[in-house]
Amino acid sequence: MILLEPNSYVLEETLLARFNSEKHEVVDITLVDFDNVIYHVQTQAEQRNLLTLGVEMKYFNEVVQYGANEILQREYGPYLSSSASGQYQITLEFNLDSLPEDKAGLAKHVSMLKRNVLASPFVRAFEYWESQQEGAGPLMATHYREDEAIYVQAQQDRVTVIFSTLFREEVDRVLGRVFLQEFVDARRQASIQNAPQVFYSSREAPLEIRHLPGLKQDESVGYVSFVLFPRHFADADVREKTISQIQLFRDYLHYHIKCAKAYMHSRMRTRVTSFLKVINRAKPDRTTATSEKRTATGRYFRPQFRQASASPQLGGESEW
């Protein structure tokens, strides 16, 4: 089972192609990432050396209160533009004539924009843990999809991350339960004892968020709780890896559910094809049954029917 990359590969390739192009051309490209994030890459005809990247995130106003603007300023300060307009909450501008030497690194870094913005509640929770304050920190909710959200809360010795995910089809619901139960049971294996603790519940929300209004509670909703301990975020490098991987949990889960469905459908099609071959082999060969036959002397003959005379001995039935 593969792990998804935290960056947008298509955005990285699009930007790198524009950065490495010797001739500045007019482009107008719209890209879509996970969680309905939209990227708009554009250059104007009158100013082709200026490349503009507009980003639309429907949950941006939520993550702003957790420090998203500070992260944007730290990571993309030289390229941030204050002329964000329309549907785009974030705008980056690149002068194609004065790019740094490491153009591939710049394209890679910009393709991590969604990951860095969504990391703000996790960073705020880890900072609360480092401050060693008493009691639980604020509960931070990010509604990154319709009817789905990520809840992050820091405590003195741990950080709890809760995903609410929606299974719109009955098959997805069944497969989702199987996958999530494996997450719960996998920590028992000796090889992955360092993995975070995982809890799964269907319909009923965990205690940490049960008091929130408007929670959907039916068979189509599942709640997955990850308990992160200091070993998952105390070190800076481990912290960044933890943020990247846990953000993609929802996409990882539904991606592998679709892969499992595609595999089962391919196996069913293969089995149906083999059954049809068996049925076709069982059909009698009509050409052999009606072919002409020879006698011992080599003469041809064909079987013929004749009508028997109606007699009391034969009972008026036909015979050969």
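**Exercise 1. Decide whether Leu 253 is buried or exposed, and describe its surroundings.**

Solution. Begin with the relative accessible area of Leu 253, which is 2%. A residue counts as buried when this value is under 20%, and Leu 253 is therefore buried. This result, like the others below, belongs to a predicted model. Next, place the residue in the chain: Leu 253 lies in helix H9, which covers residues 249–282. Then look for its partners, setting aside the neighbours within four places in sequence; Leu 253 is in contact with Thr 165, Phe 167, Phe 179 and Leu 180. Finally, compare sequence with space for one further residue, Leu 175, which is 78 residues away from Leu 253 in sequence, while the C-alpha atoms of the two are 9.8 Å apart.

**Exercise 2. Work out how strand E7 is enclosed, and which strands pair with E7.**

Solution. Thr 165, a contact of Leu 253, belongs to E7, so the strand can be taken up from there. The first step is to count: eight of the eight residues of E7, residues 159–166, are buried, so the strand is largely enclosed by the rest of the structure. The second step is to separate the two faces, with Val 159, Val 161, Phe 163 and Thr 165 on one side and Thr 160, Ile 162, Ser 164 and Leu 166 on the other, and both faces prove to be covered.

The third step is to find the partners. Strand E6, residues 148–154, runs antiparallel to E7 and is joined to it by six bridges, with Ala 149 standing opposite Ser 164; the two strands are connected by a hairpin of four residues. Strand E9, residues 221–228, also pairs with E7 in the antiparallel sense, over eight bridges, and Val 224 in E9 is the bridge partner of Phe 163.

**Exercise 3. Follow the pairing from E6 to strand E5, and state which residue of their hairpin takes a positive phi.**

Solution. Start with the pairing itself: E5, residues 140–145, and E6 are antiparallel and share four bridges, and in one of the pairings Thr 142 has Ile 150 in E6 as its bridge partner. Then turn to the hairpin, which has two residues between the strands, and in which Asp 147 takes a positive phi near 65 degrees.

**Exercise 4. Classify the ring pair of Phe 126 and Phe 233, and locate both residues in the chain.**

Solution. Two quantities are needed, for a pair of aromatic rings is described by the distance of the centres and the angle of the planes. The count of aromatic pairs in the structure comes to seven. For Phe 126 and Phe 233 the ring centres are 4.6 Å apart and the planes are at 15 degrees, so the pair is stacked. The pair links distant parts of the chain, since Phe 126 is in helix H6 (residues 120–130) and Phe 233 is in the loop between E9 and helix H8 (236–247), 107 residues apart. To complete the description, both Phe 126 and Phe 233 are buried. Elsewhere, Phe 19, Tyr 79 and Phe 94 form one aromatic cluster.

**Exercise 5. Describe the second largest pocket and the two cavities by volume and by lining.**

Solution. Take the pocket first: the second largest pocket has a volume of about 270 Å³. Its lining holds 14 residues, of which Arg 145, Glu 148, Arg 250, His 254 and Lys 258 are the closest to its centre. Helix H9 supplies the largest share of this lining, five residues, and by class the lining has nine charged, three nonpolar and two polar residues.

Now take the cavities, of which the structure holds two of 30 Å³ or more. The largest has a volume of about 60 Å³, and its lining includes Arg 18, His 24 and Leu 96; by class this lining divides into four charged, three polar and one nonpolar residue. The second largest cavity has a volume of about 30 Å³, with Pro 6, Phe 34 and Leu 248 among its lining residues, and its lining has three nonpolar, three charged and two polar residues.

**Exercise 6. Set these details against the whole chain.**

Solution. The chain has 10 helices and 11 strands. Of its 320 residues, 38% count as buried. Among the contacts in the chain with a separation of 6 or more, 58% are between residues 24 or more positions apart.

Key. Residues numbered from 1 in each chain as written. Predicted model: local features only at pLDDT ≥ 70, side-chain atom pairs only at ≥ 80, totals over all residues. Heavy atoms only, no water. 1 Å grid on protein atoms, 1.4 Å probe; cavity = no way out; pocket = protein on both sides within 12 Å on 5 of 7 lines; lining within 4 Å. Points joined across faces, edges and corners; volume = space filled by probe spheres on them. Nonpolar A, V, L, I, M, F, W, Y, C, P; charged D, E, K, R; others polar. Buried < 20%, exposed > 50% of the residue type's maximum accessible area, 1.4 Å probe, protein only. Pairing = 2+ DSSP bridges. Phe/Tyr/Trp six-rings, centres within 6.5 Å; stacked < 30°, edge-to-face > 60°. Contact = heavy atoms within 4.5 Å.
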